[in-house]
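Welcome! Here is a short briefing to read alongside the structure. Take a moment to look it over before starting.

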Amino acid sequence: MQAKRPVVLITGGSRGIGAAIAQLAAARGYDVAITYRSESAAADEVIEICRAAGVEALAFQGDVALEADVLRIFDEVEERLGPISHVVNNAGITGKSGKLAETSAETIQTCIDINVTGAIYVAREAARRLSQSRGGQGGSIINISSVAAVLGSPNEYVWYAASKGAIDSLTVGLARELATEGVRVNAVSPGMTRTDIHERSTQDVGRLQRLLPFIPMKRIGEPQEIAEAVLFLMSDAASYITGAILPVTGGR
Ligand code: NAP
C-alpha cells in the first residue's frame, strides 16, 4: 500500500514565490493546497502543473486577513486532502511605495491586516492542528519574511518592513512555543525576487533594475531559489532547525 503523502498548505500560491513553492513541493511528493485572493486562472495553472507531478493539488479562494476565511480554508483542505503537515505562510503585499509621511492610513492598514494579522491567523490555525498535544501529527510552519525586516526599506515602505519584522518575531516565539509539540517553525527571508510584487504591489516600475547594484551578487533572485530554501526547512534534513530566519538574498 502506498504511504500517505504529506500535505502542504501554501497561502498566496497562485503567483510568484508561493507558486514556485507549490510546484517544487509537488515535484518532491507533497500533496498541495494553495490559496489565492482573486487570480483564479493563475491558481488553476499552478494546480495543473502540480498535478502533472503526480500528486493531489487543489486551490482555495480566500483572504488571509479574514479569520473566517482562514478557518474555512483549513477545514476544506483537511476534508479534501487529509491532515495538513506543513504550512507556508506566504501571502503578502507591500502597498504603493513612498515615504511614510505621504502614505495613506488605508495602505498601512491593508498591509498590516494581510502581512501581520493574516499571517498570525494562519500560524495560529497551524499550531492548533499540527500540535501533538492537540491530536495533531506534528510538522512544520514556514513563514515568508523579507530582508526588508532588517533593512527597514526607507523611502520605499517602512510599514511593510515593520510587518516583516513582526513575522520574524512570530517565527522565533512560535518556534519556542511549539518546540515540544513536534512542530518546527522557521522563516525564509527573501531579498529581491523576480515576481509581480514589485510593479503590481509597489506600483514602482523599474524597481528591480534600479536596485540591482545594491545586491552583492548583482542579480535578482528567482522564485525557485526561495522555494528551494523553503523545501529544505520543511524537510527532515532540517530536523534540528527551529526558530531560524534564513536569508536568501544574494548577500544583501
Ligand atoms: P506576488 O507575486 O505579488 O504574489 C502574491 C500572492 O499572495 C498571490 O498569490 C496573491 O493572490 C496572494 N495574496 C495577496 N493578498 C492576499 C490575501 N489578502 N489573501 C490571500 N492571498 C493573498 O508576491 P511575491 O513576490 O511572490 O511575494 C510572496 C511573499 O514573499 C510575500 O509575503 C512577500 O512579502 C515576500 N517577499 C517577496 C519578495 C520579492 O522580492 N518578491 C522579497 C521579500 C519577501 P492573487 O494571485 O489572487 O492576487
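## A first look

Asp63 sits in the loop between β3 (57–61) and α3 (67–81), and it makes a handy starting point for a tour. Please keep in mind that this is a predicted model. From Asp63 we go on to the ligand, then to Thr195, a helix contact, a loop and the cysteines.

**Asp63**

- With a relative accessibility of 21%, Asp63 counts as partly exposed, because the partly exposed range lies between 20% and 50%.
- Setting aside neighbours within four places in sequence, Asp63 is in contact with Arg37, Asp69, Val70 and Ile114.
- Asp63 and Glu48 are 15 residues apart in sequence, and their C-alpha atoms are 22 Å apart in space.
- Asp63 also faces the ligand: one of its polar side-chain atoms lies 2.8 Å from a ligand nitrogen atom.

**The ligand and its surroundings**

- How much of the ligand's accessible area does the protein cover? On its own the ligand has 900 Å² of accessible area, and the protein covers 97% of that.
- The ligand is surrounded by 31 residues, and the closest are Ser14, Ser38, Asn90, Tyr160 and Thr195.
- Sorted by kind, the residues of this shell are 11 nonpolar, 14 polar and six charged.
- Backbone atoms take part as well: a polar backbone atom of Thr193 is 2.8 Å from an oxygen atom of the ligand, and a polar backbone atom of Gly191 is 3.3 Å from a ligand oxygen atom.
- Which elements give two or more residues to the shell around the ligand? They are α1 (16–27), α6 (158–177) and α7 (197–201).

**Thr195**

- Thr195, one of the closest residues to the ligand, is found in the loop between β6 (183–190) and α7.
- Is Thr195 buried or exposed? Its relative accessible area is 18%, so Thr195 is buried, the limit for that word being under 20%.
- The side chain of Thr195 reaches the backbone nitrogen of Ile197 at 3.2 Å.
- Not counting residues up to four places away in sequence, Thr195 touches Gly16, Ile17 and Pro223.

**Leu71 and Arg128**

- Leu71 belongs to helix α3, while Arg128 belongs to helix α4 (residues 105–130).
- These two residues meet: leaving out neighbours within four places in sequence, Leu71 is in contact with Arg124, Glu125, Arg128 and Arg129.
- With residues up to four places away left out, Arg128 touches Leu71 and Arg134.
- Both residues are partly exposed, with a relative accessible area of 27% for Leu71 and 34% for Arg128.
- The side chain of Arg128 also makes a polar contact, at 3.0 Å, with the side chain of Glu125.
- Leu71 and Val122 are 51 residues apart in sequence, yet their C-alpha atoms are 8.4 Å apart in space.

**The loop between α5 and α6**

- Ser153 is found in the loop between α5 and α6, and so is Asn155.
- Glu156 is in this loop too, between α5 (148–151) and α6.
- Ser153 is not a glycine, although it has a positive phi of about 50 degrees.
- Asn155 is likewise not a glycine, and it has a positive phi of about 70 degrees.
- Which of these loop residues are buried and which are exposed? Ser153 is buried, with a relative accessible area of 9%, and Glu156 is buried at 12%, whereas Asn155 is exposed at 52%.
- Glu156 touches Ser97, Gly98, Asp204, Arg207, Arg210 and Leu211, not counting residues up to four places away in sequence.

**Cysteines**

- A disulfide is a covalent bond between the sulfur atoms of two cysteines.
- How many disulfides are there here? The count comes to zero, with a cut-off of 2.5 Å between cysteine sulfur atoms.
- Cys50 is buried, with a relative accessible area of 0%.
- Cys111 counts as buried as well, at 0% relative accessibility.

Methods. Residues numbered from 1 in each chain as written. Predicted model: local features only at pLDDT ≥ 70, side-chain atom pairs only at ≥ 80, totals over all residues. Heavy atoms only, no water. Near = heavy atom within 4 Å. Polar contact = N/O pair within 3.5 Å; in protein donor to acceptor, adjacent residues only side chain to side chain. Areas by Shrake-Rupley, 256 points an atom, 1.4 Å probe, with all protein chains shown as cover. Helix = DSSP H or I, 4+ residues; strand = E, 2+ residues; numbered from the N terminus. Nonpolar A, V, L, I, M, F, W, Y, C, P; charged D, E, K, R; others polar. Buried < 20%, exposed > 50% of the residue type's maximum accessible area, 1.4 Å probe, protein only. Contact = heavy atoms within 4.5 Å.
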